[in-house]
Every structure is written in structure tokens, then in C-alpha cells.
Amino acid sequence: MAVRSGGDYQLLDSGHMRKLERIGPYLLVRPSLQAIWLPRRSESEWQRVDGVYERGATEEGGRWTFHRKVHREFEVLFGNLQFQVRLTNFGHIGLFAEQRENWDWMREVIRARMQRTNQRNLYVLNLFGYTGGSTLACSQAGAHCVHVDAAKGVVDWARKNAALSGLEDRPIRWLVDDALKFVRREERRGHTYQAIILDPPTFGRGPKGEVFKIEHDLTPLLEACRSLLAEDALFVLYSCHTPGFTPITMRNQLDIVVGGRKGEVEAGEMTIPEQQPDPARSRLLPSGVYARWLAPE
């Protein structure tokens, strides 16, 4: 699954476990552990950057080195959404370009369902919602959304992105909560959703210090999600950036949620294409994996 270019983000080159990106007004270099190949642009182009991020040796993050004045926060347009980009000490910028095709897919299938059935109350649950790209894409299509993340700071960030994208008045519930605890409460309440999105981290902490380890907690979460999927469910989108997870792994895990239901399941790699001067020399940068289920019409 390759993401086409557009807006204020471009992947210009990759190699030597790094990637050269244009993000808004800046040229930046960040790590990319799977880019174990040679760059195609000249070394001088890599050296003319505004900033370089290097990983640290601990969980406390790494550091940026700036070669000229750079604003650590600025706005970009990408995937028909407006984002506030932040050059954080962990190297994340709040924009996940590899998800753009998923955003387009969700908009398309939600709009198609609503037009075909005249459905006006299509509810989407987005777990580990982070800065809100998937939530906002579904909201643009007309869905009612519940956005859950364990960190108040990133939920506030997502709400900022909603405002920037003109979606602040849409029906979106913004919740700071532990994903598994929230899903189990929803299960007890008998609440269901027509769509579920989740992009779990390899390791994370909840708002009250709860620990999420994907090897221990993913299966219980997927089992609980199964009971939240409405009879008239439309889709489930499960993506992940954990090393070692393959499309086959993802497909098998998604079966915990949708096994026994009719519909189409597809799985693959999320990728971002390089924007090389010669398009024939562009490559795809792998950036995670996904599996998704779509109900039959």
C-alpha cells in the first residue's frame, strides 16, 4: 500500500537507515531503521537540511540538531487534513504519512455506506488515536467518532488538529483513557460500533500508570473488541509498527475480531514513496503493516 505525495509532506530520499523529508517549510533527516540501502540523492542534498534527529540510547528520546532557525511547531496540510506538526524530543512529529491511504479508504467506505443506506448514525471507535488523523478522516465522511488515547497531551493535540481542519463542531468524543479498560467498560454497557480502528504501540502507559505490552495485552484487547462490533458493522482497520509483525501476523490477529463474519480481509505493508527527480528511480519506504476487514455490501 503506497501513499501518494501531496500537501506539505514529501519523502525525498532514504538510505543508510535514514530518511530525507520535506515537512512544511523545512528539510529534515530522521532515522528509518528499515532503509538499509544506498541513498539516491547526492550527499550535498542530504547536507543542506535544516535539522537532523538522532536517536538516544534510552527511552528518554534523542535530540535534534538544527543548522538554521527552525520553529518546533508549525502547521501542514496533508491528506486533506490540517495538522500541527511538533518536532518532539522523541523524533515523532504527529503526522504519519503512511496512513494516508487508510484515511482515503475509510472516507470512501463510510460515504458509500451512508449514501447507499441513508444511514446517519455510523459510530467509529478509534483506539490509540494519537494525533487524530484517522478520527478526523472518519469525521469528514460524516461518522460519529469516539477517540481514545492514554495521554492527555496528545488528545489535546488531536483536538487542535480537529480545529485546524474545521471539524471542532463535529460529533467527536475525546477521551483520555486506557484502551483495554475502556473497551471492557463499553462491553459491559452493551455499546457497539459500526467501525473500530486501532494502532497499538509496542509498549505504552495508561493515564493511571497502566502498562500496555503488545505481546501480553493485544489478544485480550482484540477479544474485547469483537464484542463491540455491531451486527451492521462496516469495517475494522488494524495497523501496527511493531518490529516483526508481518501482514500474515496481522491477518491472523484480525481474525480474533472478525472471524466468522462475511466480508473481505486484506493485509499488507504501509509504505511511503520517495519523490525522486526521476520517478522511475523512486522506491517505497516500508512504514508499518496493516490488516483491514470490510463488510459485504
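**Exercise 1. Classify Y53 and W64 as buried or exposed, then describe their ring pair.**

Step 1. Apply the accessibility classes: buried is under 20% relative accessible area, exposed is over 50%, and partly exposed lies in between, with a 1.4 Å probe and protein chains only. Y53 is buried, and W64 is buried too.

Step 2. Note the basis: this is a predicted model, where local features need pLDDT of at least 70, side-chain atom pairs count only at pLDDT 80 or more, and totals for chains, interfaces and linings use all residues. Residues are numbered from 1 along each chain as its sequence is written, and side-chain values use heavy atoms, leaving out hydrogens and water.

Step 3. Apply the ring criterion. Rings of Phe, Tyr and Trp (its six-membered ring) pair if their centres lie within 6.5 Å; planes under 30 degrees apart are stacked, over 60 edge-to-face, and the rest tilted. The whole structure holds nine aromatic pairs. Y53 and W64 form a tilted one, at 5.3 Å centre to centre with 55° between the planes.

Step 4. Place the rings. Strands (E, at least two residues) and helices (H or I, at least four) are DSSP runs, numbered from the N terminus. Y53 is in strand β4 (residues 51-54) and W64 is in strand β5, eleven residues apart.

**Exercise 2. Work out why the F83 and W103 pair counts as stacked, and place both rings.**

Step 1. Take the geometry. The ring centres are 5.6 Å apart and the planes are at 25°, so the pair is stacked.

Step 2. Locate the partners. F83 belongs to strand β7 (residues 81-86) and W103 to helix α2, 20 residues apart.

Step 3. Check burial. F83 is buried at 1% relative accessible area. W103 is buried at 3%.

Step 4. Extend the network. Ring pairs link F83 and W103 with Y9 and F78 into a cluster.

Step 5. Look for a charge over a ring (NZ of Lys or CZ of Arg within 6 Å of the ring centre and within 35 degrees of the ring normal). R100 lies over the face of F78, 5.2 Å from the ring centre. The charged end of R86 sits over the ring of W157, 4.3 Å from its centre.

**Exercise 3. Describe the strand partner of β6 and the faces of β6.**

Step 1. Two strands pair if DSSP finds at least two bridges between them. β6 and β7 run antiparallel and are joined by six bridges.

Step 2. Inspect the turn. The two strands form a hairpin with two residues between them, and G79 in the turn has a positive phi of about 60°.

Step 3. Split the faces of β6 (residues 73-78). F74, V76 and F78 make up the covered face; E73, E75 and L77 make up the uncovered one. F74 stands opposite V85 in β7.

**Exercise 4. Trace the surroundings of C138, from the largest nonpolar core to helix α3.**

Step 1. Define the core: buried Ala, Val, Leu, Ile, Met, Phe, Trp, Tyr and Cys residues joined through side-chain atoms within 4.5 Å. The largest one has 46 residues, and I110, V124, C138 and F235 have the most contacts inside it. Helix α2 (residues 100-117) gives the most to this core, with six residues.

Step 2. List contacts (heavy atoms within 4.5 Å). Not counting residues up to four places away in sequence, C138 touches M106, I110, V124, A143, C145, I197 and F235.

Step 3. Separate the other core. A second one, of 35 residues, includes F128, V146, F212 and W293.

Step 4. Turn to the helix. Seven of the eight residues of α3 (residues 133-140) are buried, so α3 is largely enclosed by the rest of the structure. C138 is among the buried ones, as are G133 and L136. Just after α3, G142 takes a positive phi of about 110°.

**Exercise 5. Find the side-chain polar partners of R292 and of T65.**

Step 1. Set the criterion: N or O atoms within 3.5 Å; within protein, one must be able to donate a hydrogen and the other to accept it, and residues adjacent in sequence count only if both atoms are side-chain atoms.

Step 2. Treat R292, in strand β16 (residues 284-294). R292 counts as buried, at 4% relative accessibility. Its side chain makes polar contacts with the side chains of N102 (2.9 Å) and E266 (2.8 Å).

Step 3. Treat T65, in strand β5 (residues 63-66). T65 is partly exposed, at 28% relative accessibility. The side chain of T65 makes a polar contact with the side chain of R63, at 3.1 Å.
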